[in-house]
Amino acid sequence: MKLDGILPFARKLIEKAVAPGDIVVDATLGNGHDTLFLAKLVGHSGKVFGFDIQNEAVVKTTKRLEEHLLSDHVNLFHSGHEHILTKIPPENHGKIKAAIFNLGYLPGGDKTIVTIPTTTISAIEQLLEIMAPEGIIVLVIYHGHDEGKVERDTLLQYVKQLDQNKSHVLQYQFINQQNDPPFIIAIEKR
C-alpha cells in the first residue's frame with residue numbers, strides 16, 4: 001500500500017516538526033511506544049514530558065524507556081493531560097514542538113478507563129498556549145467504543161471552530177474501512 005497507515009502517518013507528522021534537542025509531549029503514555037519514539041527523536045539533548053492517569057501506563061513506559069537507556073531525558077507524570085500547564089515547567093513554555101495523543105483506552109488494560117473530551121480539549125487549549133509556532137498536535141482517535149464516539153464527535157466539533165488565523169487543522173482517515181477505524185486530527189499552531 002502506498003498510502004501511509006494511521007500510526008505511520010502520525011509519526012511522519014511528528015518527525016517533520018521535531019529535531020534533536022527539542023521539547024515534546026506524550027499526552028497519553030499507554031504502553032510507552034510513542035514515548036520511546038519521541039525520546040529517540042529528540043535525543044539526549046531534548047526533553048519528553050509524558051502523562052497518563054493510570055499507574056500501569058507509567059510503569060510500562062518507564063520500563064520500556066529503561067530497556068532502551070532513554071529515561072534520563074523523559075519526565076513522566078501519573079497525572080491527566082489536562083494538567084499540562086501546571087506540570088511542564090514555565091521555562092519550557094513556548095518551546096514545545098509536538099504533542100501526541102492516542103485517545104480511547106489503554107491497550108490490554110481496563111477498558112472502562114477512557115479519555116474524555118473535556119480533559120482532552122483542556123489539554124489541547126493548554127498546548128496551543130505553550131507550544132512554539134509551527135508546533136503540531138497529533139490526535140489519534142479510536143472511536144470503536146461508545147465513549148470514543150462521544151469524544152470523536154465532541155473533538156470534531158471543537159477543532160472545526162478553531163481560528164484558522166491561529167492554527168491549521170487536518171483530518172486524515174480511511175473512509176471505506178469497516179469497524180470504526182482510527183483516524184487522525186492534526187493541529188499546527190501558526
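Contact here means heavy atoms within 4.5 Å. The model is predicted.

**Asp-22 and Val-42**

Asp-22 sits in the loop between helix 1 (6-17) and strand 1. Its relative accessibility is 12%, so Asp-22 counts as buried, the cut-off being under 20%. Setting aside neighbours within four places in sequence, Asp-22 is in contact with Ala-17, Val-42, Gly-46, Lys-47 and Lys-97. A polar atom of the Asp-22 side chain lies 2.7 Å from the backbone nitrogen of Ala-19.

Val-42, one of those partners of Asp-22, belongs to helix 2. Val-42 counts as buried because its relative accessibility is 0%. Not counting residues up to four places away in sequence, Val-42 touches Val-18, Ala-19, Pro-20, Gly-21 and Asp-22. Under the same exclusion, its partners also include Val-24, Lys-47, Val-48 and His-73. Val-42 and His-73 are 31 residues apart in sequence, with their C-alpha atoms 9.1 Å apart in space.

**Nonpolar cores**

In soluble globular proteins, nonpolar side chains tend to be buried together. Which residues touch the most other members of the largest nonpolar core? They are Val-25, Phe-101, Ile-124, Ile-137, Leu-139 and Ile-187, out of 30 residues in that core. Seven elements are listed as giving two or more residues to this core: strand 1 (23-26), strand 2 (47-52), strand 4 (96-103), helix 5 (117-130), strand 5 (131-141), helix 6 (146-160) and strand 7 (183-189). Helix 5 supplies the largest share, six residues.

Ile-137 shows how such contacts are spread along the sequence. Residues up to four places away are not counted. Ile-137 then touches Ala-99, Phe-101, Ile-124, Leu-127, Leu-128, Met-131, Ile-185, Ala-186 and Ile-187. A second core, separate from this one, has 26 residues. Among them are Phe-9, Ala-10, Ala-39 and Tyr-172.

**Helix packing**

Two helix pairs are described next.

| Pair | Axis distance | Angle | Residue classes in the contact |
|---|---|---|---|
| Helix 2 (33-42) and helix 3 (55-67) | 9 Å | about 40 degrees | three nonpolar, three polar, one charged |
| Helix 5 and helix 6 | within 9 Å | roughly 35 degrees | six nonpolar, two polar, two charged |

Helix 2 passes helix 3 in a right-handed crossing. On the helix 2 side, the contact is made by His-33, Thr-35, Leu-36 and Ala-39. Helix 3 contributes Thr-61, Arg-64 and Leu-65. Ala-39 is also a member of the second core.

The crossing of helix 5 and helix 6 is right-handed. Helix 5 brings Pro-117, Thr-120, Ile-121, Ile-124 and Glu-125 to this contact. From helix 6 come Val-150, Glu-151, Thr-154, Leu-155 and Tyr-158. Ile-124 also appears among the residues that touch the most other members of the largest core.

**Positive phi**

Most residues other than glycine have a negative phi. Glu-134 is not a glycine, yet has a positive phi of about 70 degrees. Its place is in strand 5. Is Glu-134 buried or exposed? At 59% relative accessibility, Glu-134 counts as exposed.

Asn-179 is not a glycine either, and its phi is positive at about 65 degrees. Asn-179 lies in the loop between strand 6 (167-172) and strand 7. Asn-179 counts as exposed because its relative accessibility is 70%, and the cut-off for exposed is over 50%.

Methods: Residues are numbered from 1 along each chain as its sequence is written. This is a predicted model: local features need pLDDT of at least 70, side-chain atom pairs count only at pLDDT 80 or more; totals for chains, interfaces and linings use all residues. Side-chain values use heavy atoms; hydrogens and water are left out. A nonpolar core is a set of buried Ala, Val, Leu, Ile, Met, Phe, Trp, Tyr and Cys residues joined through side-chain atoms within 4.5 Å. Buried means under 20% relative accessible area, exposed over 50%, partly exposed in between (1.4 Å probe, protein chains only). Helices (H or I, at least four residues) and strands (E, at least two) are DSSP runs, numbered from the N terminus. A polar contact is a pair of N or O atoms within 3.5 Å; within protein, one must be able to donate a hydrogen and the other to accept it, and residues adjacent in sequence count only if both atoms are side-chain atoms. Axes are lines fitted to C-alpha atoms, for helices over the stretch in contact, and angles run from 0 to 180 degrees between N-to-C directions. A crossing is left-handed if the near helix is turned anticlockwise from the far one by less than a right angle, and right-handed if clockwise. Ala, Val, Leu, Ile, Met, Phe, Trp, Tyr, Cys and Pro count as nonpolar, Asp, Glu, Lys and Arg as charged, and the others, Gly among them, as polar.
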